[in-house]
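Me: Please take a close look at one part of this protein for me. Start with a single residue and work outward, so that I can follow along on the model.

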Amino acid sequence: MSGQKEAANKPQQLNFSCHCGAIKVSVPGDPAPKHINECMCSNCRKHGAAWVYYPVEKVTITKTGPTKAYLWDEKICEFTWCEACGCGIKKMGINTRCVDNLDDLARVERRVTWDMA
């Protein structure tokens, strides 16, 4: 019975958005992410980012406003954010701090890493 309750509590879809709502990102809710990566590189630390990662084909991005991008260091990591409000959502890594419903990720383990994912 507890397996049925657990399945009923899983969201069908995880939804993320920037502060003003001009960028919306959705991914399947099942399977849930294995963990949230709290990267400690200088850029992620200063942006307070906490990432989950999905294959590109599983990510749906809707933009109703302009975005900006920042490509840094060895050009291996690009950050994209809403030009209007400044909240960032990456194409492959999604900043969990932009999740619309906090309960959707409440039981996902958080890991602090010092290396880029």
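Reply: Start at Thr 96. Keep in mind that this model is predicted. Is Thr 96 buried or exposed? Its relative accessibility is 4%, so Thr 96 counts as buried. The cut-off for that label is under 20%. Yet Thr 96 sits in a loop, the one that connects β8 (93-95) to β9 (109-113).

What does Thr 96 touch, once neighbours within four places in sequence are set aside? Its contacts are Phe 16, Ile 36, Ala 50, Trp 51, Val 52, Leu 105 and Arg 110. Several of these names will come back below.

Now look at Arg 97. Its relative accessibility is 49%, so Arg 97 counts as partly exposed. Arg 97 makes a salt bridge with Glu 38, and the closest N and O atoms are 3.5 Å apart. Arg 97 belongs to the loop between β8 and β9, while Glu 38 belongs to strand β3, so this pair ties together parts 59 residues apart in sequence. As background, side chains of opposite charge can pair when their charged atoms come close.

Glu 38 itself has a relative accessible area of 16%, so it is buried. Glu 38 also meets Arg 110, one of the contacts of Thr 96, in a salt bridge of 2.8 Å from N to O. This second pair links distant parts of the chain, with Arg 110 in strand β9 and Glu 38 in strand β3, 72 residues apart. Arg 110 has a relative accessible area of 43%, so it is partly exposed. Put the pieces together: Glu 38, Arg 97 and Arg 110 form a network of salt bridges.

How many salt bridges does the whole structure have? The search finds three. One of them is between Glu 109 and Arg 111, with 3.3 Å between the closest N and O atoms. Glu 109 is partly exposed, because its relative accessibility is 42%. Arg 111 is partly exposed too, because its relative accessibility is 38%.

Next, the strand that holds Glu 38. Strand β3 covers residues 35-39, and four of these five residues are buried, so the rest of the structure largely encloses the strand. Strands β3 and β9 run parallel, and five bridges join them. Within β9, Thr 113 is the bridge partner of Cys 39. So which two strands does the Arg 110 and Glu 38 salt bridge link? The answer is β9 and β3.

Go back to the contacts of Thr 96. Phe 16 and Leu 105 are on that list. Both also appear in the largest nonpolar core, which has 17 residues; those with the most contacts inside this core are Phe 16, Val 27, Tyr 54, Ile 94 and Leu 105. β1 (13-17) and β2 (23-28) each give at least two residues to this core. The largest share comes from β2, which supplies three residues. There is also a second, separate core of five residues, among them Cys 41, Cys 44, Ala 49 and Trp 51. Trp 51 is another contact of Thr 96. In general, nonpolar side chains in soluble globular proteins tend to be buried together.

Now follow Val 27. Beyond its neighbours within four places, Val 27 is in contact with Gln 13, Leu 14, Phe 16, Tyr 54, Lys 58, Val 59 and Ile 94. Take Lys 58 from that list. Lys 58 lies in the loop from β4 (51-53) to β5 (60-63). With a relative accessibility of 44%, Lys 58 counts as partly exposed. Outside its neighbours within four places, Lys 58 is in contact with Ser 26, Val 27 and Pro 28. Ser 26 is 32 residues away from Lys 58 along the chain, and their C-alpha atoms are 8.4 Å apart.

Finally, step back to the whole protein. There are two helices and nine strands. From the N terminus, the order is α-β-β-β-α-β-β-β-β-β-β. The protein has 117 residues, and 34% of them are buried. Of the contacts with a separation of 6 or more, 62% are between residues 24 or more positions apart. The salt bridge of Arg 97 with Glu 38 is an example of a link between parts far along the chain, 59 residues apart. The accessible surface is about 7800 Å², and 50% of it belongs to carbon and sulfur atoms.

Terms used: Residues are numbered from 1 along each chain as its sequence is written. This is a predicted model: local features need pLDDT of at least 70, side-chain atom pairs count only at pLDDT 80 or more; totals for chains, interfaces and linings use all residues. Side-chain values use heavy atoms; hydrogens and water are left out. Helices (H or I, at least four residues) and strands (E, at least two) are DSSP runs, numbered from the N terminus. Buried means under 20% relative accessible area, exposed over 50%, partly exposed in between (1.4 Å probe, protein chains only). Contact means heavy atoms within 4.5 Å. Accessible areas come from the Shrake-Rupley method with a 1.4 Å probe; for residues, only the protein chains shown count as cover. Two strands pair if DSSP finds at least two bridges between them. A salt bridge is a side-chain nitrogen of Lys or Arg within 4 Å of a carboxyl oxygen of Asp or Glu. A nonpolar core is a set of buried Ala, Val, Leu, Ile, Met, Phe, Trp, Tyr and Cys residues joined through side-chain atoms within 4.5 Å.
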